[in-house]
Amino acid sequence: MGKPSDENNLLLLSSDPQRLELDKDERLHNPAATNQPMTAVLLSVAALVFILVTYAWLPLTIRTEEVFAGAGTEWRTNNGGVDPSRVLQNILSTKRLRYNLEYYASGTHVAGANRAQTEYTRDYFEQHGIETEIVEYYPWINSPLGQRVALLNKSTKAVMYEAGLAEDLIPGDNASEDPNNLPAFHSHSAHGNVTGQLVYANYGTAEDIGALEKVGVSLLDKIVLVRHGRTHSSTKLLAAELAGARGMLMYSDPAEDGYVRGGVYPEGPWRPESSIQRDSVLRFSAYPGDPLTPGYASTRDAQRLLPAEATNLNRIPSLPLSYRDAQPLLEALQGHGISAAGIGRDWVGGLTSRGVRYWTGPSTLVVNLVNSVEYKIVPVQNVIGRIRGQESPEQVVVIGNHRDAWSAGASDSSSGSAVLLELVRAFGELQKLGWRPRRTIVFASWDAGEYGRVGSTEWVEENIDWLRSDAIAYVNVGAAVSGSTFGAAASPAMKELLYSVARQVRQPHSNFTVYEAWLRHSSDGASASPRFSRAGGRMPEPTVYLPKLAGDSVAFLAHAGISVVDLGFTGNAGAHHSNFDSLKRMLSYIDPDMQLHRTTAELWGLLTLRLADDSILGHCPRCYAKDLKRYIGQLEKQLTPCWGNTIVSKKLRHLRAAQRQLLISARIVEYDIKHLRSVYGEDCQMVGRRRRARCLALRASANDRVSHLEQHFLDPAGISHQRWHKHVLFGPESSARAPGTLLFPMLADPLDSCNISRLQQLEKSVADILFEAAWFLREV
């Protein structure tokens with residue numbers, strides 16, 4: 001778990017001829033690097049020449065081995081092979097990570113307008129021995145033309161207030177001055193010019209809108225003002241549209257991530273008053289990706305829907321606001337409607353310290369919202385690299401990160417891109433040592449992630465048959481570092497593997513592991529998952545959240561049925577999707593020494609190695625079965641209002657029975673694996689051909705069952721009216737439900753309406769799918 005010094009890392013870098021060209025690129029990219037004292041420059045050049053002269057005649061593999069030996073690193077296994085985990089943990093460099101971050105966060109790079117970064121990423125992959133291609137798609141996306149938010153006198157149309165809709169320049173922070181910075185903008189928002197009275201609706205959730213209706217405040221023909229948070233922007237907009245609103249304004253309240261939390265940027269990490277949080281308002285609840293090609297890839301010649309036929313587009317205009325621009329709007333509501341505090345304490349935000357009193361409205365003044373956008377087909381580029389597996393090349397592990405950002409995006413997504421490049425370099429060095437993965441590894445740098453996970457979704461749709469056949473997992477890192485608190489969202493099958501890897505890695509600036517820090521944070525938040533110890537007591541586990549269905553994992557899990565992991569360090573979203581998500585802010589307040597980036601690379605790399613190299617996969621069907629029991633318990637609580645005092649568990653008898661069968665089948669798989677290890681050994685290294693063949697067959701069967709279990713939770717017909725989403729356990733959040741990933745999404749509609757007969761019918765349908773999954777686990 002100890003980390004080598006960067007001097008050892010630099011020894012390895014200096015022995016790499018490819019570093020010469022990268023050093024040249026670094027001087028061009030970072031002019032400050034040329035202003036070093038002349039003595040230091042001459043010494044560096046002399047050292048480099050000495051290394052090249054000394055080692056130029058030796059094979060690169062031998063030079064790499066000598067570097068590790070000289071550093072005292074034990075990187076060989078007992079049988080003389082390469083220990084990839086040890087190599088990876090020692091090779092990762094904070095200097096390289098910073099260089100990568102400086103490159104990606106050097107300016108705004110929105111989808112379809114970052115060709116130079118696309119080619120740079122491809123060239124970097126290829127320089128490190130990764131077979132690479134650029135895969136292009138042609139989605140229908142929008143760009144901003146003009147915006148307006150103004151308060152008007154309803155009778156005279158006199159302008160009472162005009163919002164600035166611009167972020168301040170920060171002296172010394174080049175990211176805030178980039179000429180390519182976007183104005184206030186929502187991707188896939190509707191083009192429109194609408195006017196109406198203003199209503200404040202808290203976070204804009206279905207519960208919030210219902211609370212307004214109870215006190216007699218209607219959203220019909222109104223402009224709705226809501227706070228960011230609690231649910232996705234597209235879900236807020238859909239809820240308002242269904243309630244009859246004409247448009248929506250979303251602002252970042254200082255209570256969430258502004259001055260209420262601490263010093264604002266540049267004096268601290270939190271959101272300043274002019275910060276605007278851009279976002280996509282594409283309806284993930286219908287389908288992600290290109291609106292005009294649902295379920296199939298948006299290739300150049302693809303058949304496309306008409307825009308009016310696309311069900312993942314909202315139909316009313318929207319814009320994001322800073323809390324500086326939102327303050328006069330909130331002040332215009334004071335004394336009108338109902339005091340927000342009377343609805344609930346959480347309806348009052350942080351602007352009270354500036355004299356704002358939160359009221360619902362409607363206002364006497366009207367708001368004019370103008371959102372002028374242009375839609376067109378825009379080419380976007382994914383960069384896809386591969387290391388072919390040696391023993392089971394047909395099995396595939398995919399790891400990825402979206403490359404585009406709404407700004408410089410130092411946290412989201414440049415930190416993830418920086419880590420991905422460092423992993424590519426590390427795996428390239430492993431290949432030079434003679435290592436090859438057991439299974440194929442695919443490295444993916446997605447484009448148009450911010451526009452609704454377009455790049456990843458289109459790629460999955462184009463490769464759906466291959467992925468369902470061969471992919472065993474997808475590991476995603478979007479914003480690798482936005483704080484110092486580790487978190488993960490994943491398929492339950494991935495939990496034990498995540499825990500195992502987290503126990504191997506040190507938490508930066510501490511004496512304990514990431515697992516221990518993760519557990520402490522989970523326990524502090526009262527969200528740690530309990531499990532039974534051998535003595536019968538309860539032991540907590542770190543919280544692994546439900547899979548994220550608003551990130552680049554969505555197509556892999558919900559459409560293809562592949563187990564997923566999202567991981568990273570979180571904790572400070574004070575610049576999310578704004579011009580202030582900059583390199584300077586990252587290095588000043590979030591990760592000055594790049595150790596959080598290094599730790600993310602270590603976790604991501606070790607998890608990838610385990611998936612690619614373990615002879616027996618670490619997927620945990622038992623974890624799925626146990627979590628399923630908890631999910632059913634949560635469903636029972638939701639059902640109580642519908643069934644009153646009836647014993648709800650009897651009403652869910654099919655799900656309960658299916659869960660028990662899944663647990664029994666999971667234990668059978670565990671027994672099969674235990675038998676394999678005790679009788680044959682998991683590496684199947686024996687002399688007898690028949691015995692070896694039997695071992696390989698048993699191992700292949702076990703791996704196939706645990707890695708393809710996720711697919712057996714899919715309903716090929718799709719979930720109710722959401723045909724694209726097929727997973728019966730996890731669904732996208734809906735305007736009619738609580739925020740976050742939905743459990744048992746097929747049951748959501750009858751549950752909301754308390755349609756008991758329909759719910760019981762669908763409960764049995766879901767249970768039948770779970771029974772089939774349980775039987776699949778028993779197939780040898």
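1. Two strands count as paired if DSSP finds at least two bridges between them. In this predicted model, strand β2 (residues 140-152) and strand β10 (residues 366-377) meet that condition, pairing in the antiparallel sense over 12 bridges. Within this pair, P144 stands opposite V373 in β10.

2. Confidence should be noted at the outset. The chain has a mean pLDDT of 89, and 86% of its residues reach 70 or more. The pLDDT falls below 50 over residues 69-73, a stretch with four contacts in the model beyond near neighbours in sequence. Residues 530-537 also stay under 50, and for them the model has 11 contacts beyond four places in sequence.

3. The β2-β10 pair belongs to an open sheet of seven strands, whose order is β3-β2-β10-β5-β6-β7-β9 and whose pairing is mixed. At the edges stand β3 (159-162) and β9 (318-321); each has a single partner strand, so one side of each is left without a neighbour in the sheet. On average, neighbouring strands here are turned by 35° against each other, direction ignored.

4. Both senses of pairing can be followed through β5 of this sheet. Strand β5 (residues 192-200) pairs with β10 in the antiparallel sense over six bridges, and the bridge partner of V194 in β10 is L369. With β6, in contrast, β5 runs parallel, and three bridges join the two. In that pair, Y200 stands opposite L225 in β6. As a general matter, strands of a sheet pair through backbone hydrogen bonds, either parallel or antiparallel.

5. Which strands of this sheet does helix α9 touch? Helix α9 (residues 233-242) packs on the sheet against β6 (223-227), β7 (247-251) and β9. The direction of α9 makes about 145° with that of β7.

6. A further open sheet of seven strands has the order β1-β11-β13-β12-β14-β18-β15, again with mixed pairing. Its edges are β1 (131-137) and β15 (485-490); each of these has a single partner strand, so one side of each is left without a neighbour in the sheet. The average turn between neighbouring strands of this sheet is 20°, direction ignored. Inside it, strand β12 (residues 392-402) and strand β13 (residues 439-446) pair in the parallel sense over eight bridges, with S392 opposite R439 in β13.

7. Helices also pack on this sheet. Helix α14 (residues 454-462) touches β1, β11 (380-387), β12 and β13, and its direction makes about 100° with that of β1. Helix α20 lies across β12, β13, β14 (471-476), β15 and β18 (564-570), running at about 165° to β18.

8. Helix α20 has a helical partner as well. Helix α5 (residues 84-91) and helix α20 (residues 595-613) pack at an angle of about 165°, with their axes 10 Å apart. Because angles over 145 degrees count as roughly antiparallel, α5 is roughly antiparallel to α20. The crossing of α5 past α20 is right-handed. From α5, the residues P84, S85, L88, Q89 and N90 meet R598, A601, E602, G605, L606, L609 and D613 in α20. By class, the residues of this contact divide into five nonpolar, four polar and three charged.

9. A second helix pair deserves attention. The axes of helix α21 (residues 621-643) and helix α26 (residues 756-778) come within 14 Å and cross at roughly 175°; the two helices are therefore roughly antiparallel to each other. What residues meet in this contact? P621, L628, L639, C642 and W643 in α21 meet I756, L759, Q760, L770 and L777 in α26. The contact has nine nonpolar residues, one polar residue and no charged residues.

10. Several details of backbone geometry merit inspection. In general, most residues other than glycine have a negative phi, and most peptide bonds are trans. A cis peptide bond joins Y265 and P266, with omega about 15°; P266 is placed in the loop between α10 (254-257) and β8 (279-280). The bond from G361 to P362 is cis too, with omega near 15°, and P362 is placed in the loop between α12 (340-343) and β10. In the loop between β13 and α14 lies A448, whose phi is near 60°, a positive value in a residue other than glycine.

Technical notes
Residues are numbered from 1 along each chain as its sequence is written. This is a predicted model: local features need pLDDT of at least 70, side-chain atom pairs count only at pLDDT 80 or more; totals for chains, interfaces and linings use all residues. Side-chain values use heavy atoms; hydrogens and water are left out. Helices (H or I, at least four residues) and strands (E, at least two) are DSSP runs, numbered from the N terminus. Axes are lines fitted to C-alpha atoms, for helices over the stretch in contact, and angles run from 0 to 180 degrees between N-to-C directions. Contact means heavy atoms within 4.5 Å. pLDDT is the predictor's confidence in each residue, from 0 to 100. Angles under 35 degrees count as roughly parallel, over 145 as roughly antiparallel, 65 to 115 as roughly perpendicular and the rest as oblique. Ala, Val, Leu, Ile, Met, Phe, Trp, Tyr, Cys and Pro count as nonpolar, Asp, Glu, Lys and Arg as charged, and the others, Gly among them, as polar. A crossing is left-handed if the near helix is turned anticlockwise from the far one by less than a right angle, and right-handed if clockwise.
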